[in-house]
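Colleague: I would like to learn how to read the inside of a protein and the places where its parts meet. Could we go through one example together, step by step?

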Amino acid sequence: MNIKLKIWRQPDAKSNGRFETYPLNDVSSDMSFLEMLDYLNNNLIKEGQQPVAFEHDCREGICGSCGMYISGRPHGPQHKTTTCELRMREFKDGDTITVEPWRASAFPVIKDLIVERSAFDKIMQSGGFISVNAGAAQDANSILVKKKNADEAFDSATCLGCGACVAACKNSSAMLFIAAKVTHLALFPQGQTEAELRVKTMVAKMDELGFGGCTNTRACEAECPKGISISNIAKLNREFFVAKLKE
Amino acid sequence: MSKLNSKIPDGPLVDKWTKHKTALKLVNPANKSKLDIIVIGTGLGGSSSASTLGELGYNVKVFSYQDSPRRAHSVAAQGGINAAKNYKNDNDSIYRLFYDMIKGGDFRAREANVYRAAEVSNLVIDHYTALGVPFARDYGGTIDNRSFGGVQVSRTFYAKGQTGQQCLVGAYSALTRQIKAGTVTMYPRRDLLDIVVVDGKARGIITRNLVTGEIERHSAHAVVLATGGYGTIYYLSTLALNSNASAAWKAHRKGALFANPSFVQIHPTSIPVMNSYQSKLTLMSESLRNDGRVWVPKQAKDPRKPNDIPEEERDYYLERRYPAFGNLVPRDVASRAAKERCDAGFGVGPTGLSVYLDFRDAIKKKGKKVIESSYGNLFDMYEKISGESPLETPMRIYPAGHYTMGGLWVDYNLMTTIPGLFAVGESNFSDHGANRLGASSLMQCSGDGYFILPYTITDYLADDIKTPRIQTNIPEFEKTEADVKERIKRLLSINGKETATSFHKRLGKIMWDYCGMVRNEEGLKKALVLIKELEEEFWKNLKVTGTDSELNQELEKAGRVADFFELGKLLCMDALNRKESCGAHFREESQTETGEAKRDDDNYSFVAAWEFKGEGQEPELHKEELKFEFVKLQERSYK
Ligand SMILES: Cc1cc2nc3c(=O)[nH]c(=O)nc-3n(C[C@H](O)[C@H](O)[C@H](O)COP(=O)(O)OP(=O)(O)OC[C@H]3O[C@@H](n4cnc5c(N)ncnc54)[C@H](O)[C@@H]3O)c2cc1C
Ligand code: SF4
Ligand code: FES
């Protein structure tokens with residue numbers, strides 16, 4: 001098929017960016033979206049132009065590196081799919097596809113489609129862990145966890161840290177990302193001792209780093225490639241409330 | 001005197017590590033903070049090392065080329081992580097785990113190292129659980145285990161098909177805690193471009209800041225490589241695209257011996273190539289072979305759809321050749337058998353390079369629901385890529401490069417032949433012999449980093465407590481930095497016509513054709529010539545766009561491909577030298593009458609450790625004899 005791409009080009013963080021249009025012919029429907037970009041880049045390099053910079057690594061939907069707006073939606077049109085998992089089968093001959101980086105002030109653009117997401121790491125550093133040193137643990141089976149809790153904790157822990165939730169939110173809130181971590185750790189007995197501190201410091205860090213507040217528009221849940229449920233945010237609010245009460 | 005002193009402690013197998021630990025020197029807490037350690041890599045090997053060294057009070061600096069430690073390739077591991085807990089009461093033990101690994105590795109690994117890996121495996125599971133890794137559980141609240149990779153006990157801990165992700169999230173959280181505590185400093189988006197050796201010891205690294213292009217110097221009292229495997233040398237593989245060999249290769253050029261480079265595991269069940277721009281082969285977990293049956297049509301190039309081919313016209317070749325193990329034969333055996341059928345013209349799909357993995361009978365027997373609940377996420381993944389549902393049509397699979405057992409040679413203390421340079425995880429060669437058993441890599445990476453390296457590196461550093469911080473303005477840093485810059489300049493100045501990716505693809509094809517699943521003398525010799533020619537062409541006709549002082553992904557790739565050429569030659573040389581078949585290394589000249597691998601213990605029971613002798617020079621082979629004191633060597637038979 002033949003398509004037209006409108007891609008955000010920006011040489012570095014300091015320069016202004018703009019859209020460039022590239023027609024691309026003979027795209028195979030078996031290609032992944034990123035392979036289509038490889039193909040475009042190969043053509044660009046041959047013509048002596050700079051290829052489009054984009055972030056990627058695993059190319060199987062697990063590392064959270066890839067992430068871009070595709071025709072107005074984070075990770076593109078397919079539900080519960082990362083950009084790298086998206087196939088060209090989802091598009092048709094003659095389509096115009098707009099590709100741009102995440103837009104959020106906490107995620108500044110570094111180049112073309114690559115943004116800086118270290119704010120997520122900083123939030124994690126503020127409290128997204130259980131404090132235990134190597135060697136201090138007891139036998140794994142001495143901590144009993146209800147199967148239901150373990151399964152729910154797993155669902156929350158599948159968050160990729162990709163940033164689509166922030167990109168999807170009109171307030172650029174990182175609430176779903178934080179809620180996923182708080183929920184994951186709150187569901188385990190071993191996460192309880194520091195649960196109150198955790199939720200307070202993580203939320204405070206989010207505010208400090210320039211992410212917006214949550215106004216319940218649910219855009220994050222709709223665009224999250226791992227289907228992290230908004231019920232995590234309800235859980236976070238409960239945890240936060242309890243923590244504040246105990247102050 | 002041989003360069004290789006493995007430092008394996010003597011005494012009974014079960015006491016070796018305990019005895020060795022007791023003799024290791026300590027460093028007192030006040031001195032630890034004055035000692036700097038560099039860790040490169042944040043996968044399970046790197047994150048575990050860095051967080052633990054931070055917890056101990058060392059001053060740690062960690063590097064990765066990803067933007068966040070959480071994205072290291074370990075995140076992609078699917079099936080699980082082994083431990084000898086015996087939670088299923090199926091008579092598992094540390095000894096059995098050890099034995100399965102030694103046998104699975106086709107008796108080409110060190111007994112002492114493998115035993116230790118099995119010994120610390122239980123501690124690893126305890127630690128991950130304490131960190132909040134959501135391993136699958138039973139209704140009673142205890143942890144569930146499954147059988148994996150054709151072993152007879154259920155010792156694999158798992159979190160659906162995302163065990164690597166879940167373990168890495170746990171390891172990353174512990175790392176993150178140390179970053180907050182200030183013991184660890186994280187340097188993301190950095191490419192290690194060389195190792196700095198001062199007075200014979202590893203004392204630092206040169207990195208490129210991938211955003212600004214700046215070349216940086218970082219010093220330390222010791223350096224730890226946790227940089228993963230080099231399976232991407234085949235271009236198409238199951239690894240993350242940016243995985244590469246450069247860190248290990250730079251260490252090799254600086255004096256670290258490279259062991260068994262040709263031991264590469266080809267995984268039998270990946271989704272086959274679908275288009276010419278394909279960039280990656282997606283793994284389908286081997287757990288699928290528990291219920292799926294592998295077959296090809298009995299008639300070559302059968303044009304019919306798989307579901308239209310009647311039972312008697314299907315060749316279930318694994319069940320036919322290996323009645324005892326059937327579809328559950330080890331990875332190397334399954335891979336070669338698929339290749340054999342496809343080479344003979346019986347392969348299916350548009351390219352003829354795939355075989356069917358069929359769930360029809362399992363669905364009939366157990367019901368769609370059960371099969372769907374076991375493999376749902378894998379089926380979804382397959383359907384997204386191929387557009388077909390394995391519930392309706394048999395999957396198509398083909399082998400793909402997956403894991404490198406070879407790597408930097410290390411002694412029992414995980415130290416390379418450069419004093420002060422350590423290697424953990426997939427980047428070292430130590431625990432998997434000629435073939436790795438499923439779910440034992442996550443276990444080894446974590447064991448190395450949490451429970452082995454922290455002890456052995458402390459022993460090394462105990463002699464360094466009087467050494468002040470290493471300065472970076474010394475001639476060794478200047479020289480190494482100048483070399484790095486010179487090479488970047490060279491790559492940028494060629495100004496030819498072909499991209500690094502295109503060269504990588506061509507190299508990958510040579511490696512796959514001649515140094516992949518099946519090797520022979522003629523092919524390997526031919527490959528050596530072809531690689532050399534292609535390498536020359538690369539240095540004449542490479543095209544890299546952009547400059548060195550900006551984010552430049554083409555420049556990153558070019559440097560990695562340049563190193564792959566050099567490593568590729570060493571792989572072929574190693575494969576050529578080893579005239580036996582063992583594990584994943586199959587030399588056509590060394591097979592039984594029925595086409596199975598034939599080991600030659602009299603002549604090849606050694607680790608082949610190669611020394612770099614300079615540009616254009618033949619590398620020198622050093623042999624570390626493998627002594628088997630506790631297990632009896634056997635033929636690996638799955639008939
Ligand atoms: C698809 C797949 C599934 C797998 N499933 C399983 C499984 O179920 N069970 C199992 O036990 N094993 C499995 N494995 C194998 C296992 O995942 C790996 O062997 C293991 O994760 C390697 O971990 P590591 O810490 O050694 O390196 P990696 O996780 O590969 O990390 C390498 C790190 O080094 C850094 N790095 C590398 N080079 C440089 C450089 N030059 N400069 C700066 N940084 C650098 C990277 O940024 C990264 O942080 C699987 C492998 C694949 C490919
Ligand atoms: S919550 Fe979902 S969208 Fe947000 S970072 Fe995690 S995986 Fe990405
Ligand atoms: S590249 Fe890893 S999730 Fe897309």
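Colleague: Leaving aside its neighbours within four places in sequence, which residues is Y128(B) in contact with?

Modeller: Please keep in mind that this is a predicted model. Once the neighbours within four places in sequence are set aside, Y128(B) is in contact with L44(B), I81(B), V133(B), F135(B), C167(B), A171(B), S446(B) and Y450(B). Apart from the core to which Y128(B) belongs lies another one, of 39 residues, which includes A119(A), C159(A), A164(A) and F211(A).

Colleague: How many residues are in the largest nonpolar core, and which of them touch the most other members?

Modeller: The largest nonpolar core has 191 residues, and it is I81(B) and Y128(B) that touch the most other members. Helix α16 of chain B, which covers residues 553-577, gives the most to this core, with 13 residues.

Colleague: How should I read the place where two chains meet, and what area is buried between chain B and chain A?

Modeller: The size of an interface is often given as the accessible area that is lost when the parts come together. Between chain B and chain A about 6,200 Å² is buried, and carbon and sulfur atoms give 53% of that area. On the side of chain B, the residues that lose the most area to chain A are R71(B), Y277(B) and K384(B), which together make up 12% of what that side buries. In terms of contacts, 74 residues of chain B meet 74 residues of chain A.

Colleague: How many salt bridges and polar contacts are counted between chain B and chain A?

Modeller: The count is seven salt bridges between these two chains, together with 42 residue pairs in polar contact. A salt bridge joins R117(A) to D67(B), with the closest N and O atoms 3.5 Å apart. Among the helices on the side of chain B that touches chain A, α6(B) gives the most, with nine residues.

Colleague: Which domains is chain B divided into, and how many residues are in contact between them?

Modeller: Chain B is divided into domain 1, residues 268-401, and domain 2, residues 475-600. Their C-alpha centres lie 30 Å apart, and 12 residues of domain 1 are in contact with 11 residues of domain 2. The two domains bury about 810 Å² between them, 59% of it on carbon and sulfur atoms, and in domain 1 the residues D332(B), R336(B) and K339(B) lose the most area to domain 2, together 52% of what that side buries. One salt bridge is counted between the two domains.

Technical notes: Residues numbered from 1 in each chain as written. Chains lettered and ligands numbered in written order. Predicted model: local features only at pLDDT ≥ 70, side-chain atom pairs only at ≥ 80, totals over all residues. Heavy atoms only, no water. Core = buried A, V, L, I, M, F, W, Y, C linked by side-chain atoms within 4.5 Å. Buried < 20%, exposed > 50% of the residue type's maximum accessible area, 1.4 Å probe, protein only. Helix = DSSP H or I, 4+ residues; strand = E, 2+ residues; numbered from the N terminus. Contact = heavy atoms within 4.5 Å. Domains from an automatic or database assignment. Buried area = accessible area lost by both parts, 1.4 Å probe. Salt bridge = Lys/Arg side-chain N within 4 Å of Asp/Glu carboxyl O. Polar contact = N/O pair within 3.5 Å; in protein donor to acceptor, adjacent residues only side chain to side chain.
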